[in-house]
Amino acid sequence: MFQIVKKKDLNAEVVWMDILAPAIAKKAKAGQFIIFRVDETGERVPLTIADYDREKGTVTIIFQKVGASTQKLAQKNEGDFILDFVGPLGTPSHFENVKKVAVIGGGVGCAIAYPQAKALHNAGVCVHMIAGFRNKEIVILKDEMEAVSNRFFLATDDGSTGQKGFVTDVLRSLLKQGEQYDLVVAIGPIPMMKFVSQLTKEYEIPTIVSMNPIMVDGTGMCGGCRVTVDGKVRFACVDGPDFDGHKVDFDELIRRNNFYREQETRARETGCRLLSMQPEKGE
Amino acid sequence: MPNMQMNKTPMPEQDGKVRARNFKEVALGYTADMAVEEAKRCLHCKNSPCVSGCPVNVNIPAFLAQVAEGEFEAAYQTITATNSLPAVCGRVCPQENQCEGKCVRGIKGESVGIGRIERFVADYHMQRETGVKVSRPESNGHKVAVVGSGPAGLTCAGDLAKMGYDVTIYEAFHKAGGVLVYGIPEFRLPKAIVQKEIDALTALGVHVETDMVIGRVLSVDELFTLGYEAVFIGSGAGLPRFMDIPGESLLGVYSANEFLTRINLMKAYDANYDTPVQYAKKVAVVGGGNVAMDAARCAMRLGAEEVSIIYRRSEAEMPARLEEIHHAKEEGIIFRFLTNPKSVVGDEEGKVTGIECVEMELGEPDESGRRSPIEKKGSEFVLPVDAVIMAIGTSPNPLIRSTTEGLQANRRGCLVVNEEMLTSKEGVYAGGDAVTGAATVILAMGAGKTAAASIDAYIKNKS
């Protein structure tokens, strides 16, 4: 049993939770994930670790209420327990020899992009952070992200706060202005990661994306999290979740992640415009 | 006088057509009378070849004699002196290749139904909770860690606990039992029975820590710093193989591991559980082992109209237990022998619509002694299906070997051990599928048993 020691709503859809799991907190590294199961009848659901506190023994998860299991988790309160919390799983991110990095977060993906930016910032790397949201109401972690960025850009689809447009628009204009990056880290909805990767490929900037596919065990056993990278089948749970954005078959991943959509009876429409986003003409 | 009936006393089972649509146990087990009658078929021959056929050396003639006398609880004690999981072994051991394969009654007629009687004895004991209290052995003050709670780990832990060791089992899943809970389906091995076997171990003082992925949350080296004097690795062969043919990432292609785990561990067939599984109408299962049979029979129970097993060799080469093949056929599974998949085909949404196969013929025997299949040119055809389950084998998970310095593995990723089950690292023992690659429950148990004896000797010599 694992206790929820802190819970707060970041917006109507996104919840922050600190879970008491000292053994995991001790080992967790940026880029790794956990699997939770709320109760006996629950699913095993993977979530990337948003933060950890080795002294307090807590692991932070930030999640969007999209399906039955995340809804179930969101109904739990501070002091409540969940049945299972396993990790840290996956290969930690490692960024070597980088001096200047653009970190891009989309929606709830900012929860994962933020600790990456923080780790890079703390390592003395110059961080430009671009955070994209649908609108003003769902902006999360703005102050936190700003605090760890040398330059911070906020974009919303409807322009209700920050610049109007997609994160790719912001990145493109920065690149056109002559900004040069050793690396781009993009974490968010799969279409967002796809279009960021397409753009950075034009500029030949190495790009890391973080996958969150369907999986059962998270240790390499089920093979459900297959991702095609550079024409080869990889397991996101052990080979990832980070992959080279220029080599991931995003379209296949979008299809695979929607496999149980019909059965996710309680799943809610996320309403994310990025999911219906098409490549701009002339690119 | 022995019962000279040539054939085994039949065991009642659910009718094929009925059970093909439910997850209840297929075989219903002997009654006391049946068990006594069958036990009397044992001739008590001089050199007991059956015992030499048993990887954990159960004293078979002794327990059969006790059953013949109606001394069922005594028989249970005889079996559990060397076998810590009798209810499991009675159900899933390939007895035809082991004890029963060596039985002299099998020369003319059928061997004694040792497995069926073992199962009866174990169930008899469990149903009665006979009050024979398991006495917790006195602690010898030494701690041992066991990684993995499958048959190898459970056996090793049980044996060590009986010797007085303080044993902790670390399990990556949320439930103990390994392949016995995630792999083998309910209708072949009810999970309540596995749980009772595990409860028996905890009653002996074994600690079970679930949700602990060794290699991630704790390394093998760290286990030693926690005070464990030896570590047994029984982490199994959990990594599924795929065929590396086009279309394997289409929607509806599963590894048998994923399909079976969703059903057995996560209970996806039960509406009260949240984990989903696809209810396919036409299913192809690729492979010829017990796992392929399990996957095919589960697919049938989920309501499929047609389930085919696709196997590239002929029936004679099929590695699955005869009983499983027989049961699968009774349940209406179609066997397509000498057939090999070339690709999985799908529609524009990426969903599986069929599996392209080619017919095979048998050529010369290969290094395994089995005649190797050769493609028949021009015999390609597409079998329309909406799900494909790959059950072509598994390999050991690299997680532990890649995070433990000094642990040697062979080119197939299996841990290298000596006869004592000692790995290349001091104090670290291993056994089961992690060493052999995918094999049987009872072989894993045998390895766990050997390792327990070696660990005991190692710790005693050290201190």
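Colleague: Arg297(B) and Glu324(B): buried or exposed?

Modeller: Arg297(B) is buried, and Glu324(B) is too. This is a predicted model, so the values are computed from it. The two side chains form a salt bridge, 2.8 Å from N to O. Arg297(B) sits in helix α14 (residues 290–301) of chain B and Glu324(B) in helix α15 (residues 322–330), so the pair ties together parts 27 residues apart in sequence.

Colleague: Which residues are linked with them in a network of salt bridges?

Modeller: The network includes Glu13(B), Arg19(B), Arg188(B) and Asp294(B). Arg301(B), Arg321(B), Glu323(B), Glu330(B) and Glu331(B) are also among its members.

Colleague: How many salt bridges does a search of the whole structure find?

Modeller: The search finds 40 over all chains. Take one from chain A. Arg37(A) and Asp84(A) meet at 2.7 Å, N to O. This pair links distant parts of the chain: strand β3 (residues 33–37) holds Arg37(A), strand β8 (residues 84–89) holds Asp84(A), and the two residues are 47 apart. Arg37(A) is buried, with a relative accessible area of 4%. Asp84(A) is buried, also at 4%.

Colleague: Where does Lys425(B) lie, and where does Asp221(B)?

Modeller: Start with the bridge itself. Their side chains meet at 2.9 Å, N to O. Lys425(B) is in the loop between α16 (399–403) and β16 (428–430) of chain B, while Asp221(B) is in helix α12 (residues 220–225), so the pair ties together parts 204 residues apart in sequence. Lys425(B) is buried, at 16% relative accessible area. Asp221(B) is partly exposed, at 32%.

Colleague: Now helices. Why do residues three or four places apart point the same way?

Modeller: An α-helix has 3.6 residues a turn, so residues with that spacing share a direction.

Colleague: How many residues of helix α5 of chain B are buried?

Modeller: Seven of the nine residues in α5 (residues 72–80) of chain B are buried, so the rest of the structure largely encloses this helix. They are Phe72(B), Glu73(B), Ala75(B), Tyr76(B), Thr78(B), Ile79(B) and Thr80(B).

Colleague: What do the buried residues of α5(B) pack against?

Modeller: They pack against helices of chain B: α2 (32–39), α4 (60–68), α6 (86–92), α8 (114–128) and α9 (151–162).

Colleague: How do I read a single strand residue? Take Ser343(B) in strand β10.

Modeller: Check cover, then contacts. Ser343(B) is buried, with a relative accessible area of 10%. Beyond its neighbours within four places in sequence, Ser343(B) contacts Ile245(B), Pro246(B), Ile355(B) and Glu356(B).

Colleague: And the surface? Which residues make the nonpolar patch?

Modeller: Met1(B), Met4(B), Leu43(B), Val104(B) and Ile107(B) make a patch of about 580 Å². Met4(B) lies in the segment before α1 (16–19) of chain B. At 47% relative accessibility, Met4(B) is partly exposed.

Colleague: Step back. How many helices and strands are there in chain B?

Modeller: Chain B has 18 helices and 16 strands. Its radius of gyration is 23 Å, close to the 23 Å that the globule rule gives for 463 residues, so chain B is as compact as a globular protein of that length. Buried residues make up 59% of the chain. Of the contacts in chain B with a separation of 6 or more, 70% join residues 24 or more positions apart.

Colleague: Where in chain A does pLDDT stay under 50?

Modeller: Look at residues 265–283 of chain A. The model has 32 contacts beyond four places in sequence for that stretch. Chain A has a mean pLDDT of 88, with 92% of its residues at 70 or more.

How values were computed
Residues numbered from 1 in each chain as written. Chains lettered and ligands numbered in written order. Predicted model: local features only at pLDDT ≥ 70, side-chain atom pairs only at ≥ 80, totals over all residues. Heavy atoms only, no water. Buried < 20%, exposed > 50% of the residue type's maximum accessible area, 1.4 Å probe, protein only. Helix = DSSP H or I, 4+ residues; strand = E, 2+ residues; numbered from the N terminus. Contact = heavy atoms within 4.5 Å. pLDDT = per-residue confidence, 0-100. Patch = residues over 30% accessible without salt bridge, like charges linked within 9 Å, V, L, I, M, F, W, Y side chains within 5 Å. Areas by Shrake-Rupley, 256 points an atom, 1.4 Å probe, with all protein chains shown as cover. Salt bridge = Lys/Arg side-chain N within 4 Å of Asp/Glu carboxyl O. Rg over C-alpha atoms; globule rule 2.2 N^0.38 Å.
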